[in-house]
Amino acid sequence: IVCLRTWQRGRITNIDSVVTNYHLNSIRNPLVNRLVQPKEAFFLRFEKPESVPIRAHSDLHPWVRQFLLVTDHPWVAVTDHTGCFSLRGLPPGEYRFKVWHEMVGYLNKSLVITVGDKLPVNVSITYPEQNQKQ
């Protein structure tokens, strides 16, 4: 997953040795569907924020996919391999955090956090393990 702000330039690069395509169906921004030659790069910009992460994929190589979250503010994060993240520079106030996962979308639990002016706020959000079909 990649987080971009509106008007920020995102670079898309085909690192493979074969041609592919980059197909993005956004909700509020123009469609992107273009062939990308081996080692070729191009840039994207989005004028409007998206309400959900949007899926990009290759029609030629269905195992290739990416999610883009386009916001008009800097307070988004992608977790590391342990599930941790940090947001720096939040102004003091009350915030409602939402969690999104590529397999299920937005998770039902959200968390309201009050941020003060000095000390960091450490928060833990735990979701029960779900039974998954094999």
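How many helices and how many strands are there in the protein? The model, which is predicted, contains zero helices and eleven strands.

**The whole chain**

Begin with the complete protein in cartoon view. Along the sequence, the pattern reads β-β-β-β-β-β-β-β-β-β-β. The C-alpha atoms fill a box of roughly 50 × 40 × 25 Å along the principal axes. If the 134 residues are coloured by accessibility, 25% of them count as buried. With contacts displayed between residues at least 6 apart in sequence, 45% of these contacts join residues at least 24 apart.

**The open sheet**

Next, select the five strands that form an open sheet in the order 1-7-6-3-4. The pairing in this sheet is mixed. Its edges are strand 1 (2-5) and strand 4 (32-36), each of which pairs on one side only. Viewed across the sheet, neighbouring strands are turned against each other by 25° on average, with direction ignored.

Now restrict the view to strand 1 and strand 7. These two strands pair in the parallel sense, over four bridges. To find one particular bridge, select Val2 and its partner in strand 7, Leu68.

**Two residues with positive phi**

Continue to Trp7, in the loop between strand 1 and strand 2. Although Trp7 is not a glycine, its phi is positive, at about 70°.

Then move to the loop between strand 4 and strand 5 (41-44), where Lys39 is found. Lys39 is likewise not a glycine, and its phi is positive at about 65°. Is Lys39 buried or exposed? Lys39 counts as exposed because its relative accessibility is 57%, and the cut-off for that class is over 50%.

**The second largest pocket**

Finally, display the second largest pocket, which has a volume of about 290 Å³. Which residues should be selected to locate its centre? Of the 17 residues that line the pocket, Ile12, Thr13, Thr20, Tyr22 and Val64 lie nearest the centre. The elements that contribute two or more residues to the lining are strand 2 (10-13), strand 3 (20-24), strand 6 (54-57) and strand 7 (65-71). Strand 3 supplies the largest share of the lining, with three residues.

As a last step, colour the lining of this pocket by residue class: seven residues are nonpolar, eight are polar and two are charged.

Technical notes:
Residues numbered from 1 in each chain as written. Predicted model: local features only at pLDDT ≥ 70, side-chain atom pairs only at ≥ 80, totals over all residues. Heavy atoms only, no water. 1 Å grid on protein atoms, 1.4 Å probe; cavity = no way out; pocket = protein on both sides within 12 Å on 5 of 7 lines; lining within 4 Å. Points joined across faces, edges and corners; volume = space filled by probe spheres on them. Nonpolar A, V, L, I, M, F, W, Y, C, P; charged D, E, K, R; others polar. Pairing = 2+ DSSP bridges. Axes fitted to C-alpha atoms, helices over the stretch in contact; angles between N-to-C directions. Buried < 20%, exposed > 50% of the residue type's maximum accessible area, 1.4 Å probe, protein only. Contact = heavy atoms within 4.5 Å.
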